[in-house]
Amino acid sequence: GMFSGLKVRAIYSMAAGEDTVGTSLGTIDPPYAGNWADPSDDDAMGLGLEYANGPLKVGAVYQVLQTASNAATADDQTEWMLGGSYNFGAATLALSYQDAESLGKVKGDDAKLWQVGVMVPVGAAGNVHLGYGEVKADNVIGTKSAKSKSYSLAYTHALSKRTTAYTGYNRTDNDTGLALGPIADLDKTGLRNGGENSDMFLVGVRHTF
């Protein structure tokens, strides 16, 4: 629904893992030593809020992905994000912060992400985009925590109301154990553990039908 610039969105999904056994089986045939998952144990739900008033836009998202596993290393995946932007006329500033716990439903695999971006109008149809983001991940392979830093520069140009040309560059610097970024493990030599960097240049045209 929408109320005076406020938009509210909610989603609920029932997954299909209700008939799985949560712990190891005690025997081949019933009765089992393990616990059958409850029908609500693997559901997913989310809530989103958006508010827009003139040059100000603010949004928040929260979601939970439940796990039906009873393993000690498993936990529900939870995420929340808060972001906003303000159009000053000469430029638009955008900020966001996101926190995720038990990624992949694995306890201790947590991450925190923050981003800042600036969009500057150039002429009547162009925009320059600058962005920086940083992820801090916990429980990474080979180390307890690691960071990944991303730098972006792009230019968009509206050719018409429905057609936009764009070009951009992204550089992502990964610590050991991380392989984040638009390009990962091109040579298939194990970038996941190498902490190598990612570079991407793109150019194209987008048309909406």
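**Strands, a patch and salt bridges**

Visitor: Which residue in β8 is the bridge partner of Pro121?

Guide: Asn127 is the bridge partner of Pro121 there. This is a predicted model, by the way. The pairing belongs to β7 and β8 (residues 126-138), which run antiparallel over 12 bridges.

Visitor: How many residues sit between the strands in the hairpin of β7 and β8?

Guide: Three residues lie between them, and Gly123 in that hairpin has a positive phi near 70°.

Visitor: And how many bridges join β6 to β7?

Guide: Nine, again in the antiparallel sense, with β7 covering residues 111-122. One pair to click on is Ala100 with Ala111, the latter in β7.

Visitor: OK, going back along the chain, how do β5 and β6 pair?

Guide: β5 and β6 (residues 92-101) are antiparallel, with 10 bridges between them. Ser85 faces Ala94 of β6. The two strands make a hairpin with four residues in between, where Gly89 has a positive phi of about 100°.

Visitor: What about β4 and β5, how many bridges there?

Guide: 10 bridges, with β4 (residues 56-65) antiparallel to β5 (residues 77-87). Val64 sits opposite Thr78 of β5.

Visitor: Lots of strands. What's the overall tally for the secondary structure?

Guide: The chain has 11 strands and one helix. In sequence order that reads β-β-β-β-β-β-β-β-β-β-α-β.

Visitor: Let's zoom in on Thr92. Buried or exposed?

Guide: Buried: Thr92, in strand β6, has 17% relative accessibility, so it falls under the 20% cut-off.

Visitor: What does the side chain of Thr92 make a polar contact with?

Guide: The side chain of Asn87, at 3.5 Å. Leaving out residues up to four places away in sequence, Thr92 touches Ser85, Tyr86, Asn87, Gly117, Val118 and Met119.

Visitor: Switching to the surface. Which residues make the nonpolar patch?

Guide: Tyr51, Leu56, Val58, Tyr62, Trp80, Leu82, Tyr86, Phe88, Leu93, Leu95, Tyr97 and Trp114 make it, over about 1,100 Å². β4, β5 and β6 each contribute at least two of the patch residues.

Visitor: Where is Trp114, then?

Guide: Trp114 is in strand β7. It is partly exposed, at 36% relative accessible area.

Visitor: What does the chain expose in total?

Guide: About 13,200 Å², with carbon and sulfur atoms supplying 61% of that. As for burial, 24% of the 209 residues count as buried.

Visitor: Charges next. How many salt bridges does a search of the whole structure find?

Guide: Six. One of them joins the side chains of Lys136 and Asp138, at 2.9 Å from N to O. Lys136 is partly exposed at 35%, and Asp138 is partly exposed too, at 23%.

Visitor: Which residues are linked in a network of salt bridges?

Guide: Arg171, Asp173 and Asp199. The Arg171 to Asp173 pair comes in at 2.9 Å, N to O, while Arg171 to Asp199 is 2.7 Å, N to O. That second pair ties distant parts of the chain together: Arg171 is in β10 (residues 163-174) and Asp199 in β11 (residues 198-207), 28 residues apart.

Visitor: How accessible is Asp199?

Guide: Asp199 is partly exposed, with a relative accessible area of 38%. Arg171 is also partly exposed, at 28%, and so is Asp173, at 24%.

Notes
Residues are numbered from 1 along each chain as its sequence is written. This is a predicted model: local features need pLDDT of at least 70, side-chain atom pairs count only at pLDDT 80 or more; totals for chains, interfaces and linings use all residues. Side-chain values use heavy atoms; hydrogens and water are left out. Two strands pair if DSSP finds at least two bridges between them. Buried means under 20% relative accessible area, exposed over 50%, partly exposed in between (1.4 Å probe, protein chains only). Accessible areas come from the Shrake-Rupley method with a 1.4 Å probe; for residues, only the protein chains shown count as cover. A polar contact is a pair of N or O atoms within 3.5 Å; within protein, one must be able to donate a hydrogen and the other to accept it, and residues adjacent in sequence count only if both atoms are side-chain atoms. Contact means heavy atoms within 4.5 Å. Patches are made of residues with over 30% relative accessible area and no salt bridge: like charges are joined within 9 Å, nonpolar side chains (Val, Leu, Ile, Met, Phe, Trp, Tyr) within 5 Å. A salt bridge is a side-chain nitrogen of Lys or Arg within 4 Å of a carboxyl oxygen of Asp or Glu.
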